[in-house]
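Let us take a walk through this structure together, from its fold to its surface. Please keep the model open beside the text as you read.

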Amino acid sequence: RAAASAPPPEPSFRALPDYEPYQATAWRMGERLRRELAELAPGEQQRVAFYPIGGALALLLDATRPAWKRAYGRRPFGLTALLVSPRKAAPKAP
């Protein structure tokens with residue numbers, strides 16, 4: 001998506017036989033992610049089923065918490081913890 005908002009690539013790049021505009025690639029990848037999420041089958045796919053979930057979480061964080069990658073770098077594999085803002089965390093039970 002970032003590349004889709006950038007200036008178009010050089011004509012020589014666009015002339016390549018397998019060239020696809022960045023916007024079309026971003027759309028296709030988004031459609032693929034939605035399809036993968038709709039067709040999740042953890043029992044059959046096992047751990048591979050969770051890859052699209054991680055991708056969807058990353059996109060959600062991109063939209064709601066742009067600096068999330070810095071926090072993730074300090075604590076890898078903790079995407080779900082980043083979904084709750086420390087300021088908006090639910091109160092602890094008494």
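Helices are DSSP runs of H or I with at least four residues, strands are DSSP runs of E with at least two, and both are numbered from the N terminus. In those terms, A6 sits in the segment before α1. Before going further, a word on the source: this is a predicted model, in which local features need pLDDT of at least 70 and side-chain atom pairs count only at pLDDT 80 or more, while totals for chains, interfaces and linings use all residues. Residues are numbered from 1 along each chain as its sequence is written, and side-chain values use heavy atoms, with hydrogens and water left out.

The overall fold is easy to state. The protein has six helices and zero strands, and reading along the sequence gives the pattern α-α-α-α-α-α. Of its 94 residues, 16% count as buried. Here, buried means under 20% relative accessible area, exposed means over 50%, and partly exposed lies in between, with a 1.4 Å probe and protein chains only.

Now to the N-terminal segment, where A6 has company. A3 is placed in the segment before α1, and P8 lies in that segment too. A6 counts as partly exposed because its relative accessibility is 38%. A3, at 35%, is likewise partly exposed, whereas P8 counts as exposed because its value is 62%. Which residues further along the chain can we relate to this segment? The C-alpha atoms of A3 and T25 are separated by 9.7 Å, with their positions 22 residues apart along the chain. For A6 and Y22, 16 residues apart along the chain, the C-alpha separation is 9.0 Å. P8 and Y22 are 14 residues apart along the chain, and their C-alpha atoms are separated by 8.4 Å.

Y22 comes up again at the surface. Together with F13 and L16, Y22 makes a nonpolar surface patch of about 260 Å². Patches are made of residues with over 30% relative accessible area and no salt bridge; like charges are joined within 9 Å, and nonpolar side chains (Val, Leu, Ile, Met, Phe, Trp, Tyr) within 5 Å. The areas come from the Shrake-Rupley method with a 1.4 Å probe, and for residues only the protein chains shown count as cover. F13 belongs to helix α1, which spans 11–14, and F13 counts as partly exposed because its relative accessibility is 38%.

Next come the charged pairs. A salt bridge is a side-chain nitrogen of Lys or Arg within 4 Å of a carboxyl oxygen of Asp or Glu, and a search of the whole structure finds four of them. In one, E31 pairs with R34, with the closest N and O atoms 2.8 Å apart. Because these two are three residues apart in helix α2, E31 and R34 are separated by about one helical turn. E31 is partly exposed at 31%, and R34 is partly exposed at 48%. Another bridge joins E36 to R32, the closest N and O atoms being 3.1 Å apart. E36 and R32 are four residues apart in helix α2, so about one helical turn separates them; E36 is partly exposed at 29%. K69 bridges to D62 with a closest N and O distance of 3.8 Å. K69 is exposed at 53%, while D62 is partly exposed at 27%.

Helix α2 also matters for the largest pocket, which has a volume of about 390 Å³. The elements that give two or more residues to its lining are α2 (22–38) and α4 (50–64). On a 1 Å grid over the protein atoms alone, a cavity is a set of points where a 1.4 Å probe fits but cannot get out, whereas a pocket is an open set with protein on both sides within 12 Å along at least five of seven lines; lining residues have an atom within 4 Å of a point. Grid points are joined across faces, edges and corners, and a volume is the space filled by probe spheres set on the points. The largest pocket is lined by 16 residues, with A26, M29, G30, L33 and L59 nearest its centre. The largest share of this lining, nine residues, comes from α2. By class, the lining has nine nonpolar, three polar and four charged residues.

One backbone detail is left, in the loop between α3 (42–45) and α4, where Q46 is placed. Most residues other than glycine have a negative phi. Q46 is not a glycine, yet its phi is positive, about 55 degrees. With 56% relative accessibility, Q46 counts as exposed.

Methods
Nonpolar A, V, L, I, M, F, W, Y, C, P; charged D, E, K, R; others polar.
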